[in-house]
Amino acid sequence: MTSPSATPAPEAAVEARDLTRRYGGRAAVDALTFQVRPGVVTGFLGPNGAGKSTTMRLLLGLERPDAGEALINGRPYAELSRPLAEVGAMLEAKAFHKGRTARKHLLCLAQSQGLPATRVDEVLDLVGLADVADRRAGGFSLGMAQRLGIAAALLGDPRIVILDEPVNGLDPEGILWIRTLIKRLAAEGRTVLVSSHLMNEMAVTADHLLVIGRGRLLADCSTAEFIRRHTDPDVYAATPEVARPALLEEAFMRLTADSVQYAAA
Ligand SMILES: Nc1ncnc2c1ncn2[C@@H]1O[C@H](COP(=O)(O)OP(=O)(O)OP(=O)(O)O)[C@@H](O)[C@H]1O
């Protein structure tokens, strides 16, 4: 039998090390250090302006850190040889050329990354857009645009998926669809990092939480542990276990109350 110490710790798929990004002298992301593990859904939470989107942009090489490192499979995004095959992301649902059809949009992306064109129809099927694949994406509803964004993120069949507010503005059916997909991606062993403002949604989707406020890490633990630690003990004790996910919002408010800030323009 192999002793646990003989097994090297797997390299974190997504990692921030002392990650810092400043705008005009103010730190939007402030010495953040965390790892995101495969096989579970990690929720990325924080009040408005906490630095979630900036952190995701840093991880995806869309911005450069002022200090520290943002790593995908141990390397900065810019050093990945086939980025879409390693990490898929949706930061903004409507990030496509409005005059292009959904299929054309995905084909262009596939070609630019050396991915097989056959993958385009696979992801269109996966997200339920096969029937509207030849319609111009500019006419898509928000729900359809979100699905197209997710199709683009999954084009390279990446082991890492990063989604910024994927359920924003969706109807209940769209929310349920994304929730089911996100859980399946994690169950397949992928690393899934998802930001959201919708606490009820995170409570039923995320296994693990990273919570930030003013660019700093406030919590890094399982969702159940987060609720236990940050809920009033009497309320926690009086709430049956099945109902405890509903306490996430209160726990989040208690933890982040001091971190809500609105910087003067
Ligand atoms: N390009 C930029 N130039 C100047 N300031 C910026 C820029 N991008 C972000 N910021 C500032 O950095 C801080 C963090 O913003 P960020 O969008 O990362 O937060 P967030 O947690 O994603 O917020 P939200 O939940 O509102 O989307 C905010 O104070 C924001 O105003």
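1. Two strands pair if DSSP finds at least two bridges between them; strands are DSSP runs (E, at least two residues), as are helices (H or I, at least four), both numbered from the N terminus. This is a predicted model, in which local features need pLDDT of at least 70 and side-chain atom pairs count only at pLDDT 80 or more, whereas totals for chains, interfaces and linings use all residues. Residues are numbered from 1 along each chain as its sequence is written.

2. The three-stranded sheet. Three strands form an open sheet in the order β2-β1-β4, and their pairing is antiparallel. At its edges lie β2 (26-36) and β4 (67-72), each of which pairs on one side only. On average, neighbouring strands of this sheet are turned by 25° against each other, direction ignored (axes are lines fitted to C-alpha atoms, for helices over the stretch in contact, and angles run from 0 to 180 degrees between N-to-C directions). Strand β1 (residues 14-23) runs antiparallel to β4, and five bridges join the two. Within this part of the model, V14 stands opposite I72 in β4. Helix α1 packs on this sheet, where α1 touches β1, β2 and β4; the direction of α1 makes about 115° with that of β1. Contact here means C-beta atoms, placed from the backbone, within 7 Å.

3. The six-stranded sheet. An open sheet of six strands follows the order β5-β6-β7-β3-β8-β9, with mixed pairing. Here the edge strands are β5 (87-90) and β9 (216-222), and each pairs on one side only. From one strand to the next, the twist averages 15°. Strand β8 (residues 208-213) pairs with β9 in the antiparallel sense over six bridges, and L210 stands opposite D220 in β9. On this sheet too α1 packs, touching β3 (41-45), β6 (160-164), β7 (191-195) and β8. The direction of α1 makes about 145° with that of β6.

4. Helices α3 and α4. The axes of α3 (residues 102-112) and α4 (residues 118-126) come within 9 Å and cross at roughly 130°. The two helices are therefore oblique to each other (under 35 degrees counts as roughly parallel, over 145 as roughly antiparallel, 65 to 115 as roughly perpendicular, the rest as oblique). α3 passes α4 in a right-handed crossing, that is, the near helix is turned clockwise from the far one by less than a right angle (anticlockwise would be left-handed). A102, R103, L106, L107 and A110 of α3 and R119, V120, V123 and L124 of α4 make the contact. By class, these residues are seven nonpolar, no polar and two charged (nonpolar: Ala, Val, Leu, Ile, Met, Phe, Trp, Tyr, Cys, Pro; charged: Asp, Glu, Lys, Arg; polar: the others, Gly among them).

5. Helices α3 and α5. Helix α5 (residues 142-154) packs with α3 at an angle of about 25°, the axes lying 10 Å apart. α3 and α5 are therefore roughly parallel to each other. α3 passes α5 in a right-handed crossing. On the α3 side A102, H105, L106 and L109 take part, and they meet L148, A151 and A152 in α5. The contact of α3 with α5 has six nonpolar, one polar and no charged residues.

6. The ligand. Eleven residues surround the ligand, of which Y23, A28, N48, S53 and T54 come nearest (near means a C-beta atom, placed from the backbone, within 6 Å). Helix α1 (residues 52-59) gives the largest share of this shell, with three residues. The shell divides into four nonpolar, six polar and one charged residue.

Terms used
Contact = placed C-beta atoms within 7 Å.
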